[in-house]
Amino acid sequence: MSEIERTATSALEQGQPVWEYADAPESTDIVRLEDRYGLFVGGEFVEPKSGTYFTTIDPATEEPLAEIAEAGPEDVDLAVTAARSAYETTWLSLPGSERAKYLYRIARQIQERAREFAVLETMNGGKPIKESRDVDLPLAAAHFFYYAGWADKLEYAFPNRSPRPVGVAGQIIPWNFPMLMAAWKLAPALATGNTVVLKPAETTPLTALLLAQVIQEAELPPGVVNIVTGAGATGSALVEHGDVDKIAFTGSTEVGKIIRRATAGTGKRLTLELGGKAANIVFEDAPLDQAVEGVVNGIFFNQGHVCCAGSRLLVQEPVFEPLLEKLKERLQTLRVGNPLDKNTDVGAINSRAQLTKIEELVAAGVEEGAEIYQPECGLPERGFWFRPTLFTNVSQSHRIAREEIFGPVLSILTFRTPDEAVEKANNTPYGLSAGIWTEKGSRILWMAERMNAGVVWANTFNRFDPTSPFGGYKESGFGREGGLQGLEPYLELGR
Ligand code: NDP
């Protein structure tokens, strides 16, 4: 009897669904890893002046992948100097139509090498290959294409306001969407005529370094994009550098507050895209099967490492029981494991530190009296893993209902009236996103008007498009990325 038949037989005996999939691992042959990566400064890969390197690993196996240069203050200074020089000598005076050509070239190369990028993203970050392949990479390319289109039309985007670039932008990105966040940051900054120093997250530097190779091949003038790898101290050196004109940060609210303090009074422009604790609200008239898919996508996409994740489910009381039953059934079918397997739904947690944080918050949920549900799925022995988790009996004061867990953990609460749904949904220090599930168009509009959230999805969740602005309110930050609005933070506009 084959392994598949054995699994099916044993599942049948336990009364579980009998479907089992054969392994379908994506090959890693397409990825050419170097043993050691330098910093990308002035169009070249250079050794760090700091002389230090750190190891980046695969979170699904804990195997080392490569040594990565750690940029110290002197390295950050060289990168900023290269960006300033490129800004003044080439990029500022280049017509928008010429800048657009480079952006189109980068976009096409990302498309051509999409599989290589996707496999590398999954190896370094732990996200399922089907997500890096079907979401992260197509969206990253789309961002470059979209902003390439604006590069020579800024006068039309902001008529009579003489748009001018800001100068040198310092951009700091997190580990949950490394390539996509790099695209969100770089494309609008370059289209508007700025030069950039980008700091990828410590745990996920590899796709940004592959992007540096693409940028070299696209023959972008040296110094227009510089990439400095390292940890928080590298980001901090970039924020504090005196010759940076603008900081764009995506990451935790905690670090966002530090950066806001550090930039206050310096004249540096700032945009912050921070945490979230979004409500996904299901009304009794919602198509439940569709809502279940949206709820699952809302919280288990990318292991819940998503700032706009629908981590609080608000269910109207009459449909609480049937929805919960359907959700539990659906969780049983989620496949957790090797992120490189094309059938995997939930991959590895990005780092041991993040796993510890998730475990700590889940333990707090249990201790505070919420009821936990996890499907019975096996987990690989090595690597960082967490089962998809539901909590019921959650009250609004519980930590799991208030704090951003940033993992595959859903807290379920109930409501009776639309007013109560609005009150509960907005009862959070965050304000990044919200989801509404109902058949009534009028109710969607009524609810959307009352959500304190930058993005409101109706009968869908986690939909992204380069033409659509994204950003938050309150402790989720300020400034918008994407769309016409995403150009503004990188421009000086006359009145
Ligand atoms: P951070 O906010 O620390 O990381 C985001 C980026 O900022 C990384 O590149 C990080 O570098 C860098 N950084 C860290 N400290 C500083 C500093 N003082 N000055 C400038 N840059 C800095 O997020 P973490 O990775 O520590 O994750 C912690 C929590 O944040 C998560 O559990 C999650 O709740 C939340 N988070 C939210 C994100 C979002 O998009 N809303 C994204 C990521 C995390 P390095 O990687 O080297 O630390």
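How many bridges join strand 1 to strand 5, and do the two run parallel or antiparallel? In this predicted model, strand 1, which comprises residues 36-37, is joined to strand 5, residues 64-69, by two bridges, and the pair runs parallel. Within this pairing, Y37 has I68 of strand 5 as its bridge partner. Strand 5 is also joined to strand 4, residues 53-57, in this case by five bridges and in an antiparallel arrangement. Here F54 is bridged to I68 of strand 5, and I68 is likewise the partner of Y37. Strand 4 and strand 5 together form a hairpin in which six residues lie between the two strands, and E62, located in the turn, adopts a positive phi of about 65 degrees.

Helix 8 was examined for its length and its burial. Because a rise of 1.5 Å a residue applied to the twelve residues of helix 8 (residues 206-217) gives an expected span of 16 Å, the separation of 17 Å between its end C-alpha atoms agrees with that expectation. Helix 8 is mostly covered, ten of its twelve residues being buried; these are L206, T207, A208, L209, L210, L211, A212, Q213, V214 and I215. An α-helix has 3.6 residues a turn, so residues three or four places apart point the same way. After helix 8 comes E219, which has a positive phi, near 60 degrees.

The surroundings of the ligand comprise 27 residues, of which W175, K199, A231, S252 and K357 come nearest. By residue class, the shell around the ligand divides into 13 nonpolar, ten polar and four charged residues. Several secondary-structure elements contribute to this shell: helix 9 (232-240), strand 10 (246-250), helix 10 (253-263) and helix 13 (352-367) each supply at least two residues, and helix 9 gives the most, with three.

Backbone atoms of the protein also approach polar atoms of the ligand. A backbone N or O atom of I173 lies 2.8 Å from an oxygen atom of the ligand, and for E202 a backbone N or O atom is likewise placed 2.8 Å from a ligand oxygen atom. A polar backbone atom of S236, in turn, is 3.5 Å from a nitrogen atom of the ligand. Of the 850 Å² of accessible area that the ligand has on its own, 86% is covered by the protein.

Methods
Residues numbered from 1 in each chain as written. Predicted model: local features only at pLDDT ≥ 70, side-chain atom pairs only at ≥ 80, totals over all residues. Heavy atoms only, no water. Pairing = 2+ DSSP bridges. Helix = DSSP H or I, 4+ residues; strand = E, 2+ residues; numbered from the N terminus. Expected span 1.5 Å × (residues − 1). Buried < 20%, exposed > 50% of the residue type's maximum accessible area, 1.4 Å probe, protein only. Near = heavy atom within 4 Å. Polar contact = N/O pair within 3.5 Å; in protein donor to acceptor, adjacent residues only side chain to side chain. Areas by Shrake-Rupley, 256 points an atom, 1.4 Å probe, with all protein chains shown as cover. Nonpolar A, V, L, I, M, F, W, Y, C, P; charged D, E, K, R; others polar.
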